[in-house]
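Work through the following exercises with the coordinates open, and attempt each task before reading its solution.

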Amino acid sequence: MSRYMPDGWALPAIDNKNRDFFTSGKIVVQACKDCDTVQHPPEDICHVCQGSALESRFCSGEGTVYSHIVVEHPIPGSLKDRVPYAVILVSLTDHPQIRILGNPVNIEARDVAVGQKVRAVFESLEDKEAGLELKIPQWEVIQT
Amino acid sequence: MQGKAAVVGIGETTYYKRGESPKTEFQLASEAIGKAVEDAGLELKDIDGVTSYMESRNDPGRLSAALGMKNVAFAAQPWGGGGNGVAASVALADAAISAGYAKNVVVFRALAQGQFGRFGQSKPRTHAYGNSAYSAVYGFLSPAHVCAMQTTRFMHEYGVTQDSLAEIALAASAHAQLNPRALRYGKPLSRQQYHDSRWIAKPFHLYDCCPENDGATAIVVTTRERARDLKQKPVPILAAAQGLGKRDGALIFNEPAFPTSFNREVGQQIWERAGIQPKDVQVAQFYENFTGPVLMAITEMGFCKPEEINEFVANGNIQGPGGKLPINTSGGNLAECYIHGFELINEAVRQVRGQSTCQVPDVEHSLVVSGPGFSPGSAVLFSSD
C-alpha cells in the first residue's frame, strides 16, 4: 500500500529496540521474559521487575481508537498539500493498556472518532539509505 | 518552604511579538533582572543566586560576568523540558533561600524567538530517531499535537465542550483588555471569532494556541527576615510542589493516567504543604500552552471534578475581578505575552501586592500552575502574610 504521509517524509531510524516494530509486519509490544509484563515503547528494562531480559511479542493487530487529532495547520510547510490528516492513538485489543500512534488509512481525517474499531495494516517502504525493507504499522477503521 | 522565603522584586521588559524585539535576548534578560532588583531596593551586586528553566543561552556565568554579581553561590534549573518548570524554578529559589545556600536569588526567563529558533517547530529530516520514530513518522510533531491528543480524550471522557475551551481564551482576552502591557490589549476576542478561527490541530482552533513572543521577566527571592528592610511588601512563597505520578513518565501516551495534565500529585502536595484547600485560593494563573490542558489542570489541582469543568469555567466564573476563580488575570500566555509562562509569576505576585490591572479583592492566596501536559508538573502558591 502507498504511504499515508507524503513520499520522502521521515522514515524510522531502525535500531535494536524498534527493529521488529517497523520491519516485522506485525504489531509488536515489548515483553519481559521474567515477569511477562508488556510495555510500549520498548525500554531498556521492565517497568515492573526491572529485569533486562526483554523480547518482542506479536499481537493480533486489532485495537480501538482511544484518542485522535486532525492536523489542519501544516508544520512544516512541506505538508501543506497533505493536510488535513489524522493521527490516532490506538488501544490494543490484546493489551488495552498499551497505546500506539498511527494514521487511519481508509477514512477521511475528519471522520475519525473515539471508539472506532481498527485493524493493523502495513506500509511497505524501502529505506535505500539504510538498505532496509520497512513495514510501517498503520490502521484501517473496520467499524465506525 | 512554609513561607520562609518571599518575593521582594518583580521586573519585566516591554513585550513584543515574535521577532519584533529591537534588543537581543541577553539584553532583555539583563533588563528584566535589573528592573526586578531595582524594584526590590537591592543592587545587582547583592544577587548571589540564579535559577531558571530551559534557559540554555543566558547562563549564570554570562549573566554574573555582565551584571557585576560578586559571588553566585547557587545556580540551578529543574529537569523537564519546558513550561512545566515555571513554578519549579521558583521552588528552587525557595529551597536555596530556605536552606541558606544563597541570600538573594534571581529567577528569570528570557525569549527572543526572532533572534533564535522558534518553539513548536519541527524540521523535516530523512529519519526519525529513538522514541520520535513512533510519532514523527506519522506526522505527529509538535506540542500542539501532544496537547490536542490529550484534550480529545479528556473531552470524550467527561463531555467537555468546545465552548469550555473557548472560555479559557475568552478569559485571557478579557483580562488583556485591562492590561496596557498586554500584546492583545485593544484587540478583544469574541466567542464567535473564536469559533470561526481556523483549526490548527483539531480540537484546537487558532485561539486555543499560545502565541510566540519576545521579552523577559524576572523576580527576586530572599528571606522574609531580610525582606522587612526592602522596598516592597514581601510576597511569601507559602508552598511549591513538583509532581511525577506513577509511570507518568511513560512515553507516547502510555502513562496509565492518560489523559493527564501531570498535576494530580502537584495538587495534593501543595495543599498539604500549605495547609489550605483550593477554595481558599482567590486568584490563579494557569500556564496556557493550549486551552484544553488548562481545563485538565484546573480539575487535577482540585478546583472541581472533571465532570464539573463545563460549569466551572462558564458564566464568567473564571473572569476577574469578580468571578469565582479569576484565572490568568494579566491575559496570560494567550493574551498578555508568552515569556514561556514566567510572566504568570509576576502577575501572581502583583495580585498579592494589590497591583494587578485586574485586581481581585482581598487576595490571601495566589496560585501559579506551570505548563500542563508535560511531566513533571509544578505549581507555586504565594500568600499575603
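**Exercise 1.** Are α5(B) and α10(B) oblique or parallel to each other?

*Solution.* The model is a predicted one, and the helices to select are α5 (residues 143–158) and α10 (residues 291–300), both of chain B. Their axes come within 8 Å and cross at roughly 60°. Angles under 35 degrees would count as roughly parallel and those from 65 to 115 as roughly perpendicular, so α5(B) and α10(B) are oblique to each other. As for handedness, α5(B) passes α10(B) in a left-handed crossing. The residues that α5(B) brings to this pair are B:Cys147, B:Gln150, B:Thr151 and B:Phe154, and they meet a set in α10(B) that includes B:Pro293, B:Met296 and B:Thr299.

**Exercise 2.** Determine how α6(B) and α10(B) are oriented to each other, and list the residues through which they meet.

*Solution.* Begin with the geometry: helix α6 (residues 162–176) of chain B packs against α10(B) at an angle of about 95°, with the axes 8 Å apart. Since the range from 65 to 115 degrees counts as roughly perpendicular, α6(B) and α10(B) are therefore roughly perpendicular to each other. Turning to the contacts, B:Ser164, B:Leu165, B:Ile168 and B:Ala169 in α6(B) meet B:Thr291, B:Gly292, B:Val294, B:Leu295 and B:Ile298 in α10(B). B:Gly292 and B:Leu295 also appear among the α10(B) residues that meet α5(B).

**Exercise 3.** Is B:Gln351 buried or exposed, and which side chain does its own side chain join in a polar contact?

*Solution.* First locate B:Gln351, which lies in helix α13 (residues 343–353) of chain B. Its relative accessible area is 1%, and because buried means under 20%, B:Gln351 is classed as buried. The side chain of B:Gln351 is joined to that of B:Thr329 by a polar contact of 2.9 Å. Beyond four places in sequence, B:Gln351 is in contact with further residues, among them B:Val283, B:Gln285, B:Cys358, B:Val363 and B:Ser366.

**Exercise 4.** How many disulfides are there over all chains, and why is B:Cys210 not bonded to the closest cysteine sulfur?

*Solution.* With a cut-off of 2.5 Å between cysteine sulfur atoms, the count over all chains is 0. A:Cys35 is accordingly in no disulfide, the nearest cysteine sulfur, that of A:Cys46, being 3.6 Å away. A:Cys35 is partly exposed, at a relative accessible area of 31%. For B:Cys210 the closest cysteine sulfur belongs to B:Cys209 and is 7.9 Å away, which is too far for a bond. B:Cys210 is buried, with a relative accessible area of 19%.

Methods
Residues are numbered from 1 along each chain as its sequence is written. Chains are lettered from A and ligands numbered from 1 in the order in which they are written. This is a predicted model: local features need pLDDT of at least 70, side-chain atom pairs count only at pLDDT 80 or more; totals for chains, interfaces and linings use all residues. Side-chain values use heavy atoms; hydrogens and water are left out. Helices (H or I, at least four residues) and strands (E, at least two) are DSSP runs, numbered from the N terminus. Buried means under 20% relative accessible area, exposed over 50%, partly exposed in between (1.4 Å probe, protein chains only). A polar contact is a pair of N or O atoms within 3.5 Å; within protein, one must be able to donate a hydrogen and the other to accept it, and residues adjacent in sequence count only if both atoms are side-chain atoms. Contact means heavy atoms within 4.5 Å. Axes are lines fitted to C-alpha atoms, for helices over the stretch in contact, and angles run from 0 to 180 degrees between N-to-C directions. Angles under 35 degrees count as roughly parallel, over 145 as roughly antiparallel, 65 to 115 as roughly perpendicular and the rest as oblique. A crossing is left-handed if the near helix is turned anticlockwise from the far one by less than a right angle, and right-handed if clockwise.
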